Amino acid sequence: MNEDRLQFWSLYLTRFSEGFGFITLITLLPYYINALDPTGTTVLGLTISAGLIVGLYTTGFTFAQTVAIVPLAWAGDRFDKRLVLLLVLGIGIFVYGLFPIVDSSASFIAIRALQGIAVTGAGLMTLSLVGQLADGGTRANYIGKANAASFAASIVGSLSAGTLYEAFGFGPIFAIIVCIMFAAWLGTFRYLETDETRVHGFPFTDLALNRKLITLSTFRVQYAFSVTLVRTWIPIYAGVAAAQGGLAYGGLAVSLTVVAEKFTNMCCQPFTGRLSDGYGRAMFVFAGGAAYGLVALLVPFSPAIGSALGLSSEIVVGVPAILAGATLPAFLPLESIPAQFTLFSGVSAAFLPLVAIAGLLGIADSFREPASMALFADEGTDEGGVASSFGIRELVWRPGSVIAPLLGGWLMYEVSMASVFYVGGAFALTGVTTFLVILVWAHGRRALLEW
């Protein structure tokens, strides 16, 4: 294996470790709420409710991420990105080692904030280094592979964390995360070459005026609302009670709707990234964003699609039966399978269409994501500030990621569950329309094919 390949593989492992730690904490959050049992308190005469404290479990992480973007991106461009990556991986190892000994809401929020710094730093530095090491003609392909590693971690983490916690508690889970992150640290230290690039000054200033990045950001700021709404509310739609507009599925069925999008995205990104390298970036951003918006509009129609296809109102997956040696096909009517062999039951005719729609969302986004990242990497490399370019990319995403959940909650309770997906799809479609109009107006009619 040549040295360049070892450098990329060490970065892929880092991307995997970052994604695994992040999704594991998301999965374990309900268990921490139960274990810590947050209660209201008074600080300097101000009453803080238990609900607000639970909100801080996530907001502390997000706020630390936002604050860390600019200084970490600047440090990556000004100094050695490899050294910055080793530093944030070290912070991550320390932080995940602390989670099993958390004994209060205050300590959990503080450690989550440190986790936000580690996750942001690792994401910025790995993507910056992948974009910097790859040639312009292969950049999206390598970024797609790095993203695939992160999606693989999300799949493994989301499926395993709850089960491991039920069997062993918090300690062994975080021991696994620490070991994976330490392996990533060793791989980075051993195989990643010193970054010799140095950018003086404050590259954010110049990149903030970059015409291509401004054009792409007009799409990205709207698309952030779309992805946040749709990704967050598909599992909510699958799991909440019918009285709230949901399908009332069990935990495994909900997990499969989440995993379907991640799996198809993971499988497709290296291939779609290679296509983007060969045929241009802007066209893939436009096509992927438009397809995502159109597919998102289909989510509320999953029950109607299931009925139209004549799917059974109750189906089960017979995996345990197969594992037990029974000769059963994967899908059978509920009444024909013994109860002890069923993996889950009671899902409606909407289940398979919903999983398929989630998978299509992953395919659509796989066209957009590596092309978009490669554009930021292209401009950052050309302008001498690749980490700052990815920092701008993160900052543009923040308003949508913070505001969209509040909007989705209001729509769900004040309008309808379906309206969340209509608004989410609309944000993607208005985003690509804005992108296309500005692209043609500011860069010429052939810019969609030439970028």
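How many residues does helix H14 have, and how far does H14 reach from its first C-alpha to its last? I take that up in point 3, after some words on the model as a whole.

1. **Confidence.** Please keep in mind that this is a predicted model. The mean pLDDT of the protein is 85, and 88% of its residues reach 70 or more. The stretch to treat with care is residues 314–342, where the pLDDT is below 50; beyond near neighbours in sequence, this stretch still has 41 contacts in the model. Where pLDDT is low, the predicted coordinates should not be read in detail. I would therefore not read those contacts in detail, given a pLDDT below 50 over residues 314–342.

2. **Overall make-up.** You will find 16 helices and four strands in the protein. Of its 451 residues, 50% count as buried. If you take the contacts between residues at least 6 apart in sequence, 83% of them join residues at least 24 apart. Several of the pairs picked out below illustrate contacts between residues far apart along the chain, one of them being Phe 79 with Asp 195, 116 residues apart in sequence.

3. **Helix H14.** Here is the reply to the opening question: H14 (residues 386–414) has 29 residues and reaches 43 Å from its first C-alpha to its last, close to the 42 Å expected at 1.5 Å a residue. H14 also has a bend of about 30° at Ala 404, with a proline, Pro 405, following within four residues.

4. **Helix H8.** H8 covers residues 211–239, and its 29 residues should span 42 Å at 1.5 Å a residue; the end C-alpha atoms are 43 Å apart, so the two values agree. A bend of about 30° occurs at Trp 233, and Pro 235 follows within four residues. At the N-terminal end, H8 is capped by Asn 210, which has a side-chain oxygen 3.0 Å from the backbone nitrogen of Lys 212.

5. **The nonpolar cores.** In soluble globular proteins, nonpolar side chains tend to be buried together. In this model the largest nonpolar core has 108 residues, and those with the most contacts inside it are Tyr 32, Leu 85, Phe 99, Phe 108, Phe 174 and Tyr 249. H8 gives the largest share of this core, 13 residues. Apart from it lies another core, of five residues, among them Phe 151, Ile 155, Val 259 and Met 266. Phe 99 is a good place to start looking at the 108-residue core. Beyond residues up to four places away in sequence, Phe 99 touches Leu 25, Tyr 32, Phe 108, Ile 111, Arg 112, Gln 115 and Phe 174.

6. **Gly 116, in H4.** Is Gly 116 buried or exposed? Its relative accessibility is 0%, so Gly 116 counts as buried. This glycine sits in helix H4 (residues 105–133). Setting aside neighbours within four places in sequence, Gly 116 is in contact with Phe 61 and Gln 65. The C-alpha of Ala 68 is 8.2 Å from that of Gly 116, although 48 residues separate the two in sequence.

7. **Thr 272, in H9.** Thr 272 belongs to helix H9 (residues 251–279), and it counts as buried because its relative accessibility is 1%. A polar atom of the Thr 272 side chain lies 3.2 Å from the backbone oxygen of Gln 269. Beyond neighbours within four places in sequence, the contacts of Thr 272 are Phe 284, Ser 366, Phe 367 and Pro 370.

8. **Tyr 165, in H5.** Tyr 165 lies in helix H5 (residues 139–168) and is partly exposed, with a relative accessible area of 21%. Leu 28 is 137 residues away along the chain, yet its C-alpha is 8.0 Å from that of Tyr 165. Leu 28 is also one of the contacts of Tyr 165, together with Tyr 31, Phe 170 and Ile 173, leaving aside neighbours within four places in sequence.

9. **Two loop residues.** Phe 79 is in the loop between helix H2 (50–78) and helix H3 (81–98), and is partly exposed at 39% relative accessible area. Not counting residues up to four places away in sequence, Phe 79 touches Trp 74, Asp 195, Thr 197 and Arg 198. Ala 248 is found in the loop between H8 and H9 and is partly exposed, with a relative accessible area of 47%. Most residues other than glycine have a negative phi. Ala 248, however, has a positive phi, near 60°.

Notes: Residues numbered from 1 in each chain as written. Predicted model: local features only at pLDDT ≥ 70, side-chain atom pairs only at ≥ 80, totals over all residues. Heavy atoms only, no water. Buried < 20%, exposed > 50% of the residue type's maximum accessible area, 1.4 Å probe, protein only. Contact = heavy atoms within 4.5 Å. pLDDT = per-residue confidence, 0-100. Polar contact = N/O pair within 3.5 Å; in protein donor to acceptor, adjacent residues only side chain to side chain. Expected span 1.5 Å × (residues − 1). Bend = angle between axes of the 7 residues up to and from the residue. Core = buried A, V, L, I, M, F, W, Y, C linked by side-chain atoms within 4.5 Å.
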